[in-house]
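Colleague: I'd like to go through the labels on this model and hear the reasoning behind them. Can you pull it up?

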Amino acid sequence: MAMEYWILFAFASALFAGLTSILAKIGLKGVDSDLATALRTIVVLGFAWAVVLIVGSQGSIGEISAYTLAFLVLSGLATGASWLCYFRAVQIGQVSKVSPIDKSSTVLTMVLAFIFLGEGLSLWTVAGMALMIAGTFLMVQRAGEDEEPKTDRRSWIMFACLAAFFAALTSILGKVGIEGVESNLGTAIRTLVVLLMAWMIVLARKKHRDVRGIGRRNWRFIILSGFATGLSWLCFYNALQSGPASVVVPIDKLSIVVTVVLAFLILRERVSKRAVLGLVLLTIGTLALLL
C-alpha cells in the first residue's frame, strides 16, 4: 500500500507542475509578466519554507559557509532569471510550444556538466538527448495554417531559450557550490533570492503601481499557479521520501505531457500530428536519460 502512495505523489507532482503553466497563462492575461512572477513567488516561498519546517532543516542555516551562501545567491539569481523569462514566454507564446524548449534545459545541463564538470555521457544519455532535441524541434514547428507574426515568434522563442539556459545554469551552480546544503533548505533560500530579485525588477520598472489594476480573475489564477508550484514540490518531496529516485524523477519529468494535454483541453491550443510525434520523442528521450 505504501508503494501505491508514493507513486500517487509522483504523478501528482507531474500533474501540478504541468498545471502551473496553464494557470499562469490564464493569470498573465493583461498583467505584466514580471509583476505576476513576483506575486506568485510569494506563494511559492511560503511552500518552500513549509517543507523546510516539515523536514526540520532550518536549524542548519548557521552552518552554511560564505562560499556556499554565495553560490546559493548566484543559483537563486539564475532561477529568478529563468522564471522571469519563462513566464514572459508563456504570456506571449503557446504553452504547448514554450514548455518543450524549457524542458531542453535538461539537455543543456548535461552538456554543460560534461564540459565544465567532466561528467561522462553514456550511449543511452546521448540517445536520449538526441530524441529530446528532435522532439523539441518538431513540437515548436508552426503549422502552415497557424502562422504567427515573425516578431512574436522571435520574442517567445528568445525568452523560452533564455529560460532554458538559466535553468541549466541553476543546476550547474548548485552542483558546484551547494552540495553540502540540505536540498529543501537550499531551495527555500534560492526562492527568497528569486523573490527579492523579482520585486527589485518590478520596483525598478515602477510596475508595482499596477497591482491595484489586477482583476480578481487574474489574482485567482496567479495565486493558484503559485499553489500549483508549491504542491508540486511537496508531492515530489513526499514521493522521494518513500520511493526510488530512479522511478520518481522520470514520472515527474512527464509534466510536459500534462502541460501539452491541458493546453489542448483548457487553452484550446491546436496540436498538429508533427507536435504529437515530437511529444512522443521528447517523452521517450526523457525516460532514456534516466536508464
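Modeller: Here it is, and bear in mind that this is a predicted model. One cut-off first: buried means under 20% relative accessible area, exposed means over 50%, and partly exposed is in between.

Colleague: Then what makes phenylalanine 227 partly exposed?

Modeller: Its relative accessible area is 37%. That falls between 20% and 50%, so phenylalanine 227 gets the in-between label.

Colleague: And why is phenylalanine 47 called buried?

Modeller: Phenylalanine 47 has a relative accessible area of 12%. The cut-off for buried is under 20%, so the label follows.

Colleague: How many aromatic pairs does a search of the whole structure find?

Modeller: Five. One of them joins phenylalanine 47 and phenylalanine 227, with ring centres 5.4 Å apart and planes at 85°. Centres within 6.5 Å make a pair and planes over 60 degrees apart make it edge-to-face, so this is an edge-to-face pair.

Colleague: What makes you say that this pair ties parts together?

Modeller: Phenylalanine 47 is in helix α2 (residues 33-55) and phenylalanine 227 is in helix α9 (residues 216-242), so the pair links parts that are 180 residues apart in sequence.

Colleague: Why is the pair of phenylalanine 165 and phenylalanine 166 called edge-to-face?

Modeller: The planes are at 65°, which is over the 60-degree cut-off, and the centres are 5.3 Å apart, within 6.5 Å, so the name applies. Both rings belong to partly exposed residues: phenylalanine 165 has a relative accessible area of 38%, and phenylalanine 166 has 21%.

Colleague: How do you know that the charged end of arginine 40 sits over the ring of tryptophan 83?

Modeller: The charged end of arginine 40 is 5.7 Å from the centre of that ring. The distance cut-off is within 6 Å, so that part is met; the label also needs a position within 35 degrees of the ring normal.

Colleague: Which residues form the nonpolar patch on the surface?

Modeller: Phe114, Ile115, Phe116, Leu117, Leu121 and Val126, with about 560 Å² of accessible area together. Helix α5 (residues 105-116) gives the most, with three residues. Valine 126 lies in helix α6 (residues 123-140). At 42% relative accessibility, valine 126 is over the 30% that a patch member needs.

Colleague: Last one: why is arginine 268 called exposed?

Modeller: Its relative accessible area is 66%, and over 50% counts as exposed, so that settles it. Arginine 268 is in the loop between α11 (255-265) and α12 (273-288), and its phi is near 60°, a positive value in a residue other than glycine. Most residues other than glycine have a negative phi.

Key: Residues are numbered from 1 along each chain as its sequence is written. This is a predicted model: local features need pLDDT of at least 70, side-chain atom pairs count only at pLDDT 80 or more; totals for chains, interfaces and linings use all residues. Side-chain values use heavy atoms; hydrogens and water are left out. Rings of Phe, Tyr and Trp (its six-membered ring) pair if their centres lie within 6.5 Å; planes under 30 degrees apart count as stacked, over 60 as edge-to-face and the rest as tilted. Helices (H or I, at least four residues) and strands (E, at least two) are DSSP runs, numbered from the N terminus. Buried means under 20% relative accessible area, exposed over 50%, partly exposed in between (1.4 Å probe, protein chains only). Patches are made of residues with over 30% relative accessible area and no salt bridge: like charges are joined within 9 Å, nonpolar side chains (Val, Leu, Ile, Met, Phe, Trp, Tyr) within 5 Å. Accessible areas come from the Shrake-Rupley method with a 1.4 Å probe; for residues, only the protein chains shown count as cover. A salt bridge is a side-chain nitrogen of Lys or Arg within 4 Å of a carboxyl oxygen of Asp or Glu.
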